[in-house]
Amino acid sequence: MTSSDTNFLTLENIDLSLSSQAGQVDILKNISLSEEKGEKIAIVGPSGSGKSSLMMIMAGLQRPSAGLVKLSGCALNDLDEAGLTEFRRENIGIVFQNFHLVPTMTALENTALPLEFSNKFSSKDEVFKKAEDVLTEVGLSHRLSHYPSQLSGGEQQRVALARALVASPKIILADEPTGNLDQETGEQIIQLLFRLADQSGMTLILITHDPDLAARCSKQIKLVDGKIENTGKV
Amino acid sequence: MSGWGLGLRLALRELRGGLKGFFVFLLCIVLGTATITAVQNTSANLQAGLQKDAQSILGGDIKLRQIYNPLPESVKNYLGDRGFALSENVETNSMVRSDGANEDEGRSTLAQVKAVDGNYPLYGSFEVSDAHGNPLDQPLDILQSGGTYKAYLDPELLARLNVTVGGMIGLGELDFVVTGIIQNEPDRLGGGRPPIAPRIIISRDALNKSGLLQPGSMAYHNLLVKLDTNADVGAVRSDIETDFANENWRIRDRTNAAPSIERFLDRLVLFLTLISLTALLVGGIGIYNAVRAYMTGRLRIIATFKSVGAQRHVILKTYMIQIFILGTLGLLVGLATGLFSSAVAWPFIRELLSLSQDFAIWPAALLVAALFGYLTLFLFSAGPVINALDVAPTQLFRDRIDPVKTRLTPGYGLTMAVLSALLFMLVYIVSPDKELAVYFTVGAALTLVFFNYLGVGIVYLFKMLPRFGTGATRIAYTNIIRPGNITSQITLSLGLGLTVLVLVALIEGNFSQAVTGSISKEAPSFFVVDIQKDQLNDFNNLLAETETVSDVRTSANIRGRIKSVNGMPAEEAIISDENRWLLSNDRGLTYTSEIPEHSEILEGEWWDSDYQGPPLVSVVEDVREAFGVTPGDTITVEVLGREVTAEIANIRSVNWLNYTISFALTFAPGALENAPQTFLATFRIDPEQESAIQRQISEDFPNITLIRLSEAMETVSGILEKIGIAVRIAAVIALITGIFVLTGAMAAQNERRVYEAVIMKTLGASRKTIITAYLSEYAVLGLLTALAATAIASFGAWALVTKILELEWTFLPGTLVSTAVIALIITVILGGIGTLRALNHPVASYLRNE
């Protein structure tokens, strides 16, 4: 195991304060952690404890007020907006609770979006072939040309998952991926997510309120009032 | 990577969502571009028509014109020797009489006489019909044939004289038989005289024998020249100017056939273009609202794009391409609608101006309309798109996403500045009058900004007021000031359109008022010209014996021209091109001991009434501007070969709008009494006696011309009214666009209205309370907008009327009141529709869905 594998994700003394009409609000306070590549980590905690904010900082979507974020050897603090966008495109896949699919695009087009933005592929056919492969892998080969409104909630989340995976990221960040799904569908999605993470050796970080799901992860980080209350190997 | 290809792909996918929410957006572009297209394409057809028919409008390739005297034989021989075809005609105003069955039925009226030779016309076709509308063969041969004198008349002249073809009329000392009705006079447009009276065409021989051409009679003698097809018109003109350098005639060629008509049409087209542009700018607000609402709906998608690695420029391109595609759709419909309107209007315009040009589509006109359309489109849509790009992907982790907020970022500011500058440049380029272009642009921009902040100001003022009222009043009050209120939307949507409408109405009203308004008060009933010296006593006696005649003023009229100023030839001394008219043709000169009516001395002093001494002259402001002269300088005029040098005693201003006779150069007694002269007169008479005195004078003094002011004003008002229709249509389109914009803005509020109505109904408010609350809100805002619009328009119209048109300002309360009523009706009706919809929404189903 190399040092970049052992310190794959490092957060050092992260603070996040946001100003609001009520004044300055401290969202995250002195968060530090270091995670290995390939881990499956659950972030748990009550509403308003800062889980989403912590995930946004890990994804480079939110700059911390203080502290250092390193992902796969790259200090995100040093990147400008364009650099962060590019880094995210190459290294991070995000799955949202509300799927956030583009309603006017088919499942195939939604999945292909990160590849289209990356411009790494020489032809459009190549992009869509790769997207189709990933959709097949999540079990949606028969829904390629369907629009989100024509898909069930579970299918929509599979498309979102395919979109997060299509650029072969090193880490997947999932914000309550089963929050809007019934239990059975949620279970299918989680199994799929874990299987794909295992296959590719990706790091998986997910936010959940579900203790069973958290228990299936290799590690849990519990946030309370913007601070890590405890971390532990499961 | 440029990102355009990907942007286009994503844009096309986004557009699969259809045109929902873009109805007002499209309508705004369609209306604005349609109006500009119609104006521009019609203008291009007009210009092409004037150019195509230039030779027939001018009457030849070259036209020489001289007042009072025919052109000398030397120039006719000079041109004839070069092998060019020539035609001569004479134009003058005169009274035409008709005899009824008994004395009371006889009529007389002013007509514009044209006496033509056998070569008329050198270009175009002169068409005359009989009483049944059948064309006459060889109408000129008939005119020149022996026997009784023959005349062709405009249909309007036939009606005024109550005669038909075959009837007899009197002109000068001769009787004429009405032989046909003029259907087409090819060079009428290029006549260069305002069409204050209908036309009669006779032969030159008949005119010469009619007694109308007395020494000093105001007759225009035209010599028309038709060149060989390969002759260079510029070279021939230049030859004439060189070889007859000392002559004082006016020379024009086919490259500038009808300059005054062209100038007038240029002005009219500019005015219409600017009003159409206002419609487009009002539409811009609708575009802004629609794009802002659309982009608010796309914020999650933009955030998603960002979260999966889209660069900002790709997203920008994606949405600007969508705007471009949708805008192009509206633009194409607008261009087609504009062309259709232009095609429908063209036959009427063509007939009005007797042009042969068929309707054509002019790519340059379409390009101008398209450029205006695109620039407005991007000017108003770039902001919401740029602002939407600022959405943070972190919002995807939240339940609710904030709507697009207008923030003037450096990128937004720069884009707006560049697009505004381009729009201004375009207005500047297409405007023949650059000064007006600048005034318009600055005025429109300030008005837009003003109406935007008027809404903010109203909200602020209402917030300052102590909370008042109960029930409906209080709800209306709180609606005006609540967060997300519609106040600015109402002021902005309606304000600019109303301002333009009032501005146009006030300018038009003031213009008509200036032209016709003073007739009943101070203006004379008649202008009388060409009174011979030996007729003056009899003429004055006739007026003295006639009851109700008053304010008789006579002035000598001596023709002469300005030869030099302070010893320097006038051509070299003139410093202002605008006043070059002072040098073309002979001018009328007069002498008097008393200061003329409606004159005000600006510099120097008027001479004593018994002045006897070296020649003195009083000059009007135009002469001062033309030559930069002051009292003490000298002016030399040439009167029939005799030179008279006079010292300028004073400079005066004249209020021409009082329909007074006034001369640019008025001499002190002693200098001009012995020069050959005719007389001009004005007098007032009871309106009921006008016809009788007109008939009496034209019978007793057949050569004298009477211009009846009321009749001339009727003609002028008729023309103004026709022009006014086009201008008003354009202004109304600006207002209609504003109504659509407001409809869109109110529709966007619909959900909130329904919600509020449901809550109020649940809490026990009656339908009446809710309706009164909403309608009061709309009525107050409509009225305040109307007040602001009338205030701004009144200021703009006042500035234009007094500073540019230099007319007297008349306050027109009727226009202002009707504007307020229009605004009130629009806001209350639109608001009322929305309110009823909200009220009819079932409470239970809404609350269940909540």
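In the predicted model, B:Gly560 stands opposite B:Arg587, a residue of strand β14 of chain B. This pair belongs to the antiparallel pairing of β14(B) with strand β12 (residues 550-565) of chain B, which extends over three bridges. β14(B) also pairs with strand β19 (residues 665-667) of chain B, here in the parallel sense and again through three bridges. Within that pairing, B:Thr590 has B:Thr666 of β19(B) as its bridge partner. Strand β14 covers residues 587-591 of chain B, and four of these five residues are buried, so the strand is largely enclosed by the rest of the structure.

Chain B as a whole contains 25 helices and 21 strands. Its C-alpha trace spans about 100 × 65 × 60 Å along the principal axes. Of its 850 residues, 44% count as buried. When contacts in chain B between residues at least 6 apart in sequence are considered, 85% join residues at least 24 apart.

Four domains are assigned in chain B. Domain 1 comprises residues 1-53 and 262-432, and domain 2 comprises residues 54-256. Domain 3 is likewise made of two segments, 450-521 and 710-850, whereas domain 4 is assigned to residues 550-684. Domain 2 and domain 4 of chain B have C-alpha centres 31 Å apart. Seven residues of domain 2 and nine residues of domain 4 take part in the contact between them. On the domain 2 side, the contributing residues are three nonpolar, three polar and one charged.

Two helices of chain B were compared with the span expected from their residue counts. Helix α12 (residues 363-388) has 26 residues and, at 1.5 Å a residue, should span 38 Å; the C-alpha atoms at its ends are 36 Å apart, which agrees. A kink of about 35 degrees is nevertheless present in α12(B) at B:Ser381, shortly before the proline B:Pro384. The helix is mostly covered, with 21 of its 26 residues buried. Helix α23 (residues 767-804) of chain B has 38 residues, for which the same rise of 1.5 Å a residue gives 56 Å; its end C-alpha atoms lie 53 Å apart, again in agreement. Just after α23(B), B:Glu806 adopts a positive phi of about 55 degrees.

In chain A, four strands form an open sheet in the order β2-β1-β4-β5, with antiparallel pairing. The edges are occupied by β2 (23-35) and β5 (74-75) of chain A; each has a single partner strand, so one side of each is left without a neighbour in the sheet. The partner of β2(A) is strand β1 (residues 9-20) of chain A, and the two pair in the antiparallel sense over nine bridges. One of the residue pairs involved is A:Leu16 with A:Leu28, the latter in β2(A).

The two chains meet through 24 residues of chain A and 20 residues of chain B. On the side of chain A that touches chain B, the elements giving two or more residues are α2 (51-58), α3 (81-91) and α4 (107-118) of chain A. Of these, α4(A) gives the most, with six residues. By class, this side of chain A has ten nonpolar, seven polar and seven charged residues.

Methods: Residues numbered from 1 in each chain as written. Chains lettered and ligands numbered in written order. Predicted model: local features only at pLDDT ≥ 70, side-chain atom pairs only at ≥ 80, totals over all residues. Nonpolar A, V, L, I, M, F, W, Y, C, P; charged D, E, K, R; others polar. Expected span 1.5 Å × (residues − 1). Bend = angle between axes of the 7 residues up to and from the residue. Buried ≥ 20, exposed ≤ 12 C-beta atoms within 10 Å, placed from the backbone. Pairing = 2+ DSSP bridges. Domains from an automatic or database assignment.
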